[in-house]
Amino acid sequence: MSVRETDVLLVVDVQVDFLPGGALAVPEGDAVVEPCNALLARFPHAVLTQDWHPAGHASFHTSHPDQEPFGTVAMPYGPQVLWPEHCVQDTPGVAFAPGLDIARAELVIRKGYTQAIDSYSAFLEADRTTRTGLAGYLRERGFTRVVLCGLATDFCVAWSALDARAAGFEAVVVADAVRGIDRDGSVAAAWARMGQAGIGRVRLADIA
């Protein structure tokens, strides 16, 4: 795969709370930092996303009496997984991972800041109608292909890739620059959904 001027690298949620020891640690989450930096060095344009929750966000299990982490509740927009409190605004866990080359980013998209709506995708919040503005930004910049890396494969990476395709962009996920939470086979299911949507899957070594 050759890098084009119309490509944009989307680095998804590489934040302290998703690293080992964080509030919502992704297994081997810290392993994505080096390949993400390698990609940042290869792509001329990059966008970072950052989970940015207010305290007491509706997706936190602590906001629902008697609910446990990773349970599910019905929200007005559909089923909602309840997460441990994570990436709360102005806390250490919301910061980008140490060593991530954030200086290369031309834009940072913050998501999940609406109190009553979760947001996995970099393009649309979980109600599937509230837009982040990323699609419009990419179109105005003339980008046609979105290359994704980061955390987590089965949630924010997959949702972002699927929404990139739905918005009319090519989408490619770099398989060795992502890691997943993987509950009940969720990583395999995410890769299957992405494959069915025509999302490419490459490795870092495949990118010239």
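**Sheet, helices and backbone exceptions in a predicted model**

In strand β7, the bridge partner of Arg 145 is Glu 170. The model that holds this pair is predicted. The pair belongs to a parallel ladder between β6, residues 145-151, and β7, residues 170-179. Six bridges make up that ladder.

The ladder is part of a wider sheet. Six strands form an open sheet in the order β5-β2-β1-β6-β7-β8, and their pairing is parallel. The edges are taken by β5 (107-111) and β8 (200-202). Each edge strand has a single partner, so one side of each is left without a neighbour in the sheet. Neighbouring strands are turned against each other by 25 degrees on average, direction ignored. Helix α2, residues 134-141, packs on this sheet. The helix touches β1 (7-12), β2 (46-51), β5 and β6. The direction of α2 makes about 165 degrees with that of β5.

The chain as a whole contains four helices and eight strands. Along the sequence, these elements follow the pattern β-α-β-β-β-β-α-β-α-β-α-β. The radius of gyration is 16 Å, and the globule rule gives 17 Å for 208 residues. The two values are close, so the chain is as compact as a globular protein of that length. The C-alpha trace spans about 50 × 35 × 30 Å along its principal axes. Of the 208 residues, 52% count as buried. Among contacts with a separation of 6 or more, 75% come from residues 24 or more positions apart. The accessible surface comes to about 8,800 Å². Carbon and sulfur atoms account for 53% of that surface.

Strands β3 and β4 form an antiparallel pair. β3 (72-75) and β4 (residues 78-81) pair in the antiparallel sense over four bridges. A hairpin of two residues joins β3 to β4. Within this pairing, Ala 74 stands opposite Pro 79 of β4.

Helix α1 covers residues 33-42. Its buried residues are Val 33, Pro 35, Cys 36, Leu 39 and Leu 40. These residues cover an arc of only 165 degrees around the axis, which puts them on the same side of α1. Glu 34 and Ala 41 are exposed on the other side of α1. The buried residues of α1 pack against β1, β2, β6 and β7.

Helix α3 shows a further pattern of burial. Ten of its 14 residues are buried, so α3 is largely enclosed by the rest of the structure. The buried residues are Thr 153, Asp 154, Phe 155, Cys 156, Val 157, Ala 158, Ser 160, Ala 161, Asp 163 and Ala 164. Their cover includes the strands β1, β5, β6 and β7. Helix α4, residues 186-196, is also part of that cover. After α3 comes Gly 168, with a positive phi near 100 degrees.

Several backbone features lie in loops. A cis peptide bond joins Leu 151 and Ala 152, with omega at about -10 degrees. Ala 152 is placed in the loop between β6 and α3 (153-166). Leu 151 is the residue at which the range given for β6, 145-151, ends. Two residues other than glycine have a positive phi. For Phe 70, phi is about 75 degrees, although this residue is not a glycine. Phe 70 lies in the loop between β2 and β3. Its relative accessibility is 28%, and Phe 70 therefore counts as partly exposed. For Arg 128, phi is about 70 degrees, and this residue is not a glycine either. Arg 128 sits in the loop between β5 and α2. With 34% relative accessibility, Arg 128 also counts as partly exposed. The class of partly exposed lies between the cut-offs of under 20% for buried and over 50% for exposed.

Conventions
Residues numbered from 1 in each chain as written. Predicted model: local features only at pLDDT ≥ 70, side-chain atom pairs only at ≥ 80, totals over all residues. Heavy atoms only, no water. Pairing = 2+ DSSP bridges. Axes fitted to C-alpha atoms, helices over the stretch in contact; angles between N-to-C directions. Contact = heavy atoms within 4.5 Å. Buried < 20%, exposed > 50% of the residue type's maximum accessible area, 1.4 Å probe, protein only. Arc of directions from axis to C-beta. Rg over C-alpha atoms; globule rule 2.2 N^0.38 Å. Areas by Shrake-Rupley, 256 points an atom, 1.4 Å probe, with all protein chains shown as cover.
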